[in-house]
Amino acid sequence: APGTRPTQARSTPHTAPPATMVWGAANPVGKPTEAETPLRSVQIDGQVVMKIVKHCSEQAPTLVTGQLLGLDIGATLEVTDCFPFPNQDDAAAAEGEEDDGANYQLEMMRCLREINVDNNTVGWYQSTYLGSYYTEELIETFLAYQENIKRCVCVVYDPTKSASVGTFGLKALRLTDRFLEIHRAGEFTFEKIADKSLSWADIVCEVPIRIANSALLSAMFGELTRTVASEEKHGVTQSDADRLSVSSAPFLEKSLEFLGECMDDLAAEQQKVAHYQRFLSKQQSQRAQWLTKRKAENAQRRARGLEPLPEEEDPSNPAHKPSAEPSRLEGFLIANQVNEYCTQIQATATASLRKLTLVAGSQGCGDVVPAVDSKA
């Protein structure tokens with residue numbers, strides 16, 4: 001619903017399981033050197049950006065997804081086309097319409113292949129609301145894609161940020177190699193995380209985006225911009241004036257509200273970890289007491305010439321049963337989300353303060369901070 005922080009954002013595309021799908025090879029077969037080249041940038045065609053913006057903006061605040069198509073060339077992942085996934089609610093998914101979404105995707109890729117358009121899957125795009133995209137569904141979708149596509153990316157677009165504060169909210173994300181190594185080995189435990197020195201910032205990394213247009217399209221944009229600017233007074237267009245809008249209070253208010261909710265969730269996760277640590281410490285103390293008592297009992301039995309009792313841990317004893325560790329992934333994702341909210345709040349507040357300073361200077365005011373009466 002609008003105005004609420006999506007705790008379980010639906011980021012999983014409506015596709016069949018990757019193992020049963022016919023994935024397009026994004027990188028040529030037989031060239032392992034290119035696959036081993038680290039991904040340094042994502043190049044997106046301007047037409048693809050417009051498709052993503054149009055799809056996400058028209059469906060906002062509903063979260064939508066789509067497929068990214070292109071080529072994997074060296075250190076650059078080129079996104080040359082995309083298509084949206086049909087909207088599907090939870091009730092429709094429960095009725096077995098998931099196969100229809102998979103058939104739709106395969107049919108779209110077949111049609112694109114027939115007209116000689118790149119139909120190699122390189123990732124997916126999704127919309128978000130106020131930057132709320134760090135969820136376990138995002139990680140699960142990444143893991144499903146990377147079983148077949150080693151260097152897939154997720155392009156996230158935030159129409160709310162673009163409309164509220166005039167910032168183009170487009171990002172390209174991918175999982176880090178360190179996180180993939182630990183997660184695939186099934187070693188996402190306290191001990192392994194400490195050994196690998198993995199922090200919350202080492203799960204998802206942002207890849208720089210470069211928007212590419214053809215020379216003819218760039219020339220057309222330049223001509224259109226020059227024509228519009230010549231029709232306006234003093235060569236200032238309406239879009240230039242829109243950048244000076246100082247109305248960012250609703251965006252900051254919602255961001256601060258979501259940040260508070262995230263801090264509550266983070267505190268709850270920390271309470272789970274603290275409870276587990278206390279329980280583990282109590283269990284280790286009980287094991288030590290049991291072992292000391294068993295050794296003393298065996299010493300008495302040996303003195304009487306009896307067989308000593310086994311000193312191995314008894315599985316039937318509740319003190320010897322291993323306790324399940326709470327998942328640290330949820331806490332790491334919440335920490336990433338807190339960092340995202342803090343970053344966008346800082347950027348928005350800084351831009352607003354600069355605009356207020358500019359307005360104050362144009363009106364002859366010395367400072368944007370109201371004067372305080374010393375006699376009060």
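**Packing and enclosed space in the predicted model**

In this predicted model, a handy place to start is V204, which, leaving aside residues up to four places away in sequence, touches Y134, I139, L173, R174, L175 and T176. V204 belongs to the largest nonpolar core, a set of 24 residues. Together with V204, the residues with the most contacts inside this core are I139, F142, L175, F179 and I203. Two of these, I139 and L175, are also on the list of residues that V204 touches.

Several elements come together to build this core: α5 (136-146), β5, β6, α7 (177-184) and α12 (329-362) each provide at least two residues. The most generous contributor is α5, with five residues. Another core, of 21 residues, lies apart from this one and includes I44, V49, V79 and V153. As general background, nonpolar side chains in soluble globular proteins tend to be buried together.

Attention now turns to the empty space inside the model. A probe the size of a water molecule, rolled over the atoms, shows where such space is left. Two cavities of 30 Å³ or more are present in the structure, and the largest holds about 70 Å³ of space. Its lining is made up of T128, G131, Y133, V156, Y157, D158, K161, G169, L170, K171 and E340. By character, these lining residues comprise four nonpolar, three polar and four charged. The strands β5 (153-157) and β6 (170-175) each give at least two residues to the lining of the largest cavity; β5 and β6 likewise each supply at least two residues to the largest nonpolar core.

Note on methods
Residues are numbered from 1 along each chain as its sequence is written. This is a predicted model: local features need pLDDT of at least 70, side-chain atom pairs count only at pLDDT 80 or more; totals for chains, interfaces and linings use all residues. Side-chain values use heavy atoms; hydrogens and water are left out. On a 1 Å grid over the protein atoms alone, a cavity is a set of points where a 1.4 Å probe fits but cannot get out, and a pocket is an open set with protein on both sides within 12 Å along at least five of seven lines; lining residues have an atom within 4 Å of a point. Grid points are joined across faces, edges and corners, and a volume is the space filled by probe spheres set on the points. Helices (H or I, at least four residues) and strands (E, at least two) are DSSP runs, numbered from the N terminus. Ala, Val, Leu, Ile, Met, Phe, Trp, Tyr, Cys and Pro count as nonpolar, Asp, Glu, Lys and Arg as charged, and the others, Gly among them, as polar. A nonpolar core is a set of buried Ala, Val, Leu, Ile, Met, Phe, Trp, Tyr and Cys residues joined through side-chain atoms within 4.5 Å. Buried means under 20% relative accessible area, exposed over 50%, partly exposed in between (1.4 Å probe, protein chains only). Contact means heavy atoms within 4.5 Å.
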